[in-house]
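Q: I am new to this structure and would like a close look at a single part of it. Please take the helix that holds charged pairs, and then place it beside the other contacts.

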Amino acid sequence: MNKHILFVMRSLDNPELFTQAEKEANKNSALTVYADADCAKHGAPEATYAAYAAYTAAIYTAYDGVDTATATATATATTATAEYWVNEFFERSGEDKQTYINEVERSGEDKQTYIDEVERLKEDKTMNKHILFVMRNLDNSELFTQEEKEVNRKSAHAAYSATVAAYAGSGAAAEAAAAAVAAEWAAEWAEYWVNKFFKRAGEDKQTYIDEVERLKEDKIMKDDKYNKTVTKGHGYKMILDVYDVLDAFEVTCPALQHLAKKALNAGNRGHKDTLTDLDDIIASALRAKELEIQRQFKKEGYK
């Protein structure tokens, strides 16, 4: 459902429902959605025109430049014009106007219901996987293969096409368009469209940045086979490697150190399977036993 058209229809139903500032915000938001749809239309004129209709309807809803003498006449004219563009939206978008009318009647004059619904939709929204992919790639251009980048690009465009088909001219279509274009372009333009996405979606960019950092840390931990993140009380985390463990337990025998290194990651080091590592562990244990015997002989005065 197009939030700008729904806003206009609710305002037409009750002109006192929204403040002038809220009407201006709706108008400006509709303009940015239209601008993005026009930029990314790629042969979708109906979707672009629907976005334009929503924007124009929002303009006339927000209009307040009247004086006392002409207030009634101007208000009537602007209302009629807003209604005209609402009808233009439905003609171009193919959406069912009755669904919107039912929603207006359902919400009635209860403004809090509208606010709660907007907040609920924000909470339900999941992280956009295409934008997250692009941001991870911008952070490290060697992270993904060209094939993986191509898969993300095609998936983003498929999501955009599906969103336009279902929600032509809506904020969701603009968000999907920004994600699709971001997946298409090189770094300098990708960053521009990533920012466009966050401006249109209203999502918290820092949440995505934090996720990029978390995934980057996870990848480092997976790539470095001897590093492990240990979580202590109150969520405190520390990164330990096998040498930290050996030092903590004061393991000084080189054969036991070698054994521990293999035992802590048997079969996961890439170049040897588990059985081979176990054979090496046994050999290291036998060598450690030999060294311990030699140390005891030396300690007792034998050579």
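A: What follows starts with helix 14 and then moves to other contacts in the chain.

The model is a predicted one. Helix 14 covers residues 274–299. Two charged pairs can be picked out along this helix, and they are taken here in turn.

Begin with Glu290 and Arg287, whose side chains meet in a salt bridge with an N to O distance of 3.0 Å. Both residues belong to helix 14 and sit 3 residues apart, about one turn of the helix. Glu290 is partly exposed, at a relative accessible area of 41%. Its partner Arg287 also counts as partly exposed, with 39% relative accessibility.

Next comes Glu292, which forms a salt bridge with Arg295; the closest N and O atoms of this pair are 3.0 Å apart. Glu292 and Arg295 are separated by about one helical turn, because they are 3 residues apart in helix 14. Glu292 has a relative accessible area of 35%, which means that this residue is partly exposed and not buried, as buried would require under 20%. Arg295 is partly exposed as well, at 38% relative accessibility.

As a general point, side chains of opposite charge can pair when their charged atoms come close.

How many salt bridges are there in the model? The count comes to 5. One of them lies in another helix: the side chains of Glu24 and Lys27 meet in a salt bridge, 3.0 Å from N to O. These two residues are both in helix 2, which runs over residues 20–39, and they are 3 residues apart, about one turn of that helix. Glu24 is partly exposed, with a relative accessible area of 26%.

The loop that leads into helix 2 from helix 1 (3–13) holds Thr19. Thr19 counts as partly exposed, at 42% relative accessibility. Computed along the sequence, Thr19 and Ala62 are 43 residues apart, while their C-alpha atoms are 9.4 Å apart in space.

Back at helix 14, the loop between helix 13 (254–263) and helix 14 contains Leu264. This residue is exposed, with a relative accessible area of 56%. Leu264 joins Val245 and Phe249 in a nonpolar patch on the surface, and together the three have about 320 Å² of accessible area.

Aromatic side chains give another kind of contact. The model has 8 aromatic pairs. In one of them, Phe197 and Phe198 are edge-to-face, with 5.2 Å from centre to centre and 80° between the planes. Both Phe197 and Phe198 are buried. Phe197 also forms an edge-to-face pair with Tyr208, at 6.3 Å centre to centre and 65° between the planes. Phe197 lies in helix 10 (residues 187–201) and Tyr208 in helix 11 (residues 205–223), so this pair ties together parts that are 11 residues apart in sequence. Tyr208 is buried, as is Phe197. Elsewhere, Phe89, Phe90 and Tyr100 form one aromatic cluster.

To return to the part asked about, helix 14 carries the salt bridge of Glu290 with Arg287 and that of Glu292 with Arg295.

Methods. Residues are numbered from 1 along each chain as its sequence is written. This is a predicted model: local features need pLDDT of at least 70, side-chain atom pairs count only at pLDDT 80 or more; totals for chains, interfaces and linings use all residues. Side-chain values use heavy atoms; hydrogens and water are left out. A salt bridge is a side-chain nitrogen of Lys or Arg within 4 Å of a carboxyl oxygen of Asp or Glu. Helices (H or I, at least four residues) and strands (E, at least two) are DSSP runs, numbered from the N terminus. Buried means under 20% relative accessible area, exposed over 50%, partly exposed in between (1.4 Å probe, protein chains only). Patches are made of residues with over 30% relative accessible area and no salt bridge: like charges are joined within 9 Å, nonpolar side chains (Val, Leu, Ile, Met, Phe, Trp, Tyr) within 5 Å. Accessible areas come from the Shrake-Rupley method with a 1.4 Å probe; for residues, only the protein chains shown count as cover. Rings of Phe, Tyr and Trp (its six-membered ring) pair if their centres lie within 6.5 Å; planes under 30 degrees apart count as stacked, over 60 as edge-to-face and the rest as tilted.
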